[in-house]
Amino acid sequence: MMTIGFLAAIEHIPLGTAVAIEFLGPLTVAAVRSHNRNALLWPALALLGVVLLTEPWQGDFNLTGVAFAALAGSAWGLYILLTQRVGDRFTGIGALSMTVPIAAATAAIVGIPQAAGHLTFGILAAAAGLAILLPVLPFALEMLALRRMTPTAFGTLMALEPAVGVLLGLLILHQQPSVVQGLGILLVVLAGAAAQWGRRLPAPQAHAHSRRGHTLLSFESNKGVRRCSLA
């Protein structure tokens, strides 16, 4: 749903705007799970940036694109919560090898009826390349990067995603942001970076007990989960 929602969103709104809206998902999860009221400031700041990006006071506000991007952001936030549980039992590429086939089967329910009768060898080859470029390669590289970087440093770099989205939209798709939209992107990036530096990291061998039994929440297991540094 994270990828489907995002791809549907960029059919209606600029690339940078879609990335910024999607980024609200993990940022909100990070704020809620920090148990710090001050942390809620950062999603609010990012939301202000998104408002400046989408410019709802303009007549060309695209509600459909914003809704798809919000769906992608919600799925991203839920993704973090679910991979937290998987990451406690499996690490790195092992977890990815289980989750990607399930995602592929789910996407096929939507994609195959649309593609029926239009498939050619060239399209299948391009689809294979796209499958490697997204999601396999980025997810795998991020998991490997998390093993070599602190969560704070990784999360700060991930906060640059909206800015990268705007840059790619400008260079490749010729989507020229306005001054107000540029300010909106800046607010989203600053909110994402500030959320990383303002949070406390868990102890390397912290333990938690729940009604369902004893659960080990180790620092090393969290590093094997994509973007869980944002949470």
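**Exercise 1. Work out whether His174 is buried or exposed, and place it in the fold.**

Solution. Start with the number: His174 has a relative accessible area of 65%. The cut-off for exposed is over 50%, so His174 is exposed. Keep in mind that this is a predicted model. Next, find the residue along the chain: His174 sits in the loop between helix H8 (161-171) and helix H9 (179-197). Finally, check the backbone. Phi of His174 is near 60°, which is a positive value in a residue other than glycine.

**Exercise 2. Describe the surroundings of Gln175.**

Solution. Place it first: Gln175 is in the loop between H8 and H9. Then look at its exposure. With a relative accessible area of 25%, Gln175 falls between the 20% and 50% limits, so it is partly exposed. Now list the contacts, leaving out residues up to four places away in sequence: Gln175 touches Pro14, Leu15, Gly169 and Leu170. Take Leu15 from that list. Gln175 and Leu15 are 160 residues apart in sequence, yet their C-alpha atoms are 8.1 Å apart in space.

**Exercise 3. Find where Glu55 lies, and say whether it is buried or exposed.**

Solution. Glu55 is in a loop, the one between helix H3 (41-54) and H4. Its relative accessibility is 13%. Buried means under 20%, so Glu55 counts as buried. As for the backbone, phi of Glu55 is near 45°, a positive value in a residue that isn't glycine.

**Exercise 4. Lay out the chain as a whole: which elements does it have, and in what order?**

Solution. Count the elements first: the protein chain has 10 helices and two strands. Then read them off from the N terminus: α-α-α-α-α-α-α-α-α-β-β-α. Turn to burial next: of the 231 residues in the protein chain, 37% are buried. For the surface, the chain exposes about 13,200 Å², and carbon and sulfur atoms supply 71% of that. Last come the contacts. Among those with a separation of 6 or more, 77% are between residues 24 or more positions apart.

**Exercise 5. Classify the ring pair formed by Phe23 and Trp76.**

Solution. A pair of aromatic rings is described by the distance of the centres and the angle of the planes. The model has two aromatic pairs by this rule. For Phe23 and Trp76, the ring centres are 6.0 Å apart and the planes stand at 65°. The limit for pairing is 6.5 Å, and planes over 60 degrees apart count as edge-to-face. That is why the pair of Phe23 and Trp76 is edge-to-face. Now see what the pair connects: Phe23 lies in helix H2 (residues 15-33) and Trp76 in helix H4 (residues 63-87), so the pair ties together parts that are 53 residues apart in sequence. To finish, check burial: both Phe23 and Trp76 are buried.

**Exercise 6. Stay in H2 and characterise Thr17.**

Solution. Thr17 has its place in helix H2. It has a relative accessibility of 5%, so it counts as buried. Leaving out residues up to four places away in sequence, Thr17 touches Leu53 and Thr54.

**Exercise 7. Describe the largest pocket: what is its volume, and which residues line it?**

Solution. The volume of the largest pocket is about 1,700 Å³. There are 40 residues in its lining, and Thr3, Ile4, Ala103, Ala104 and Ala107 lie nearest the centre. Next, ask where the lining comes from. Helix H1 (2-9), H4, helix H5 (93-115) and helix H6 (121-146) are the elements that give two or more residues. H5 gives the most, with 15 residues. Then sort the lining by residue type: 32 nonpolar, seven polar and one charged.

**Exercise 8. Look at single residues in H5 and H6: Gly94 and Pro135.**

Solution. Begin in helix H5, which is where Gly94 is placed. Its relative accessible area is 34%, so Gly94 is partly exposed. For a distance, measure C-alpha to C-alpha: Gly94 and Ala140 come out 9.9 Å apart in space and 46 residues apart in sequence. Pro135 is found in helix H6. The peptide bond that joins Leu134 and Pro135 is cis, with omega at about 10°.

Conventions: Residues numbered from 1 in each chain as written. Predicted model: local features only at pLDDT ≥ 70, side-chain atom pairs only at ≥ 80, totals over all residues. Heavy atoms only, no water. Helix = DSSP H or I, 4+ residues; strand = E, 2+ residues; numbered from the N terminus. Buried < 20%, exposed > 50% of the residue type's maximum accessible area, 1.4 Å probe, protein only. Contact = heavy atoms within 4.5 Å. Areas by Shrake-Rupley, 256 points an atom, 1.4 Å probe, with all protein chains shown as cover. Phe/Tyr/Trp six-rings, centres within 6.5 Å; stacked < 30°, edge-to-face > 60°. 1 Å grid on protein atoms, 1.4 Å probe; cavity = no way out; pocket = protein on both sides within 12 Å on 5 of 7 lines; lining within 4 Å. Points joined across faces, edges and corners; volume = space filled by probe spheres on them. Nonpolar A, V, L, I, M, F, W, Y, C, P; charged D, E, K, R; others polar.
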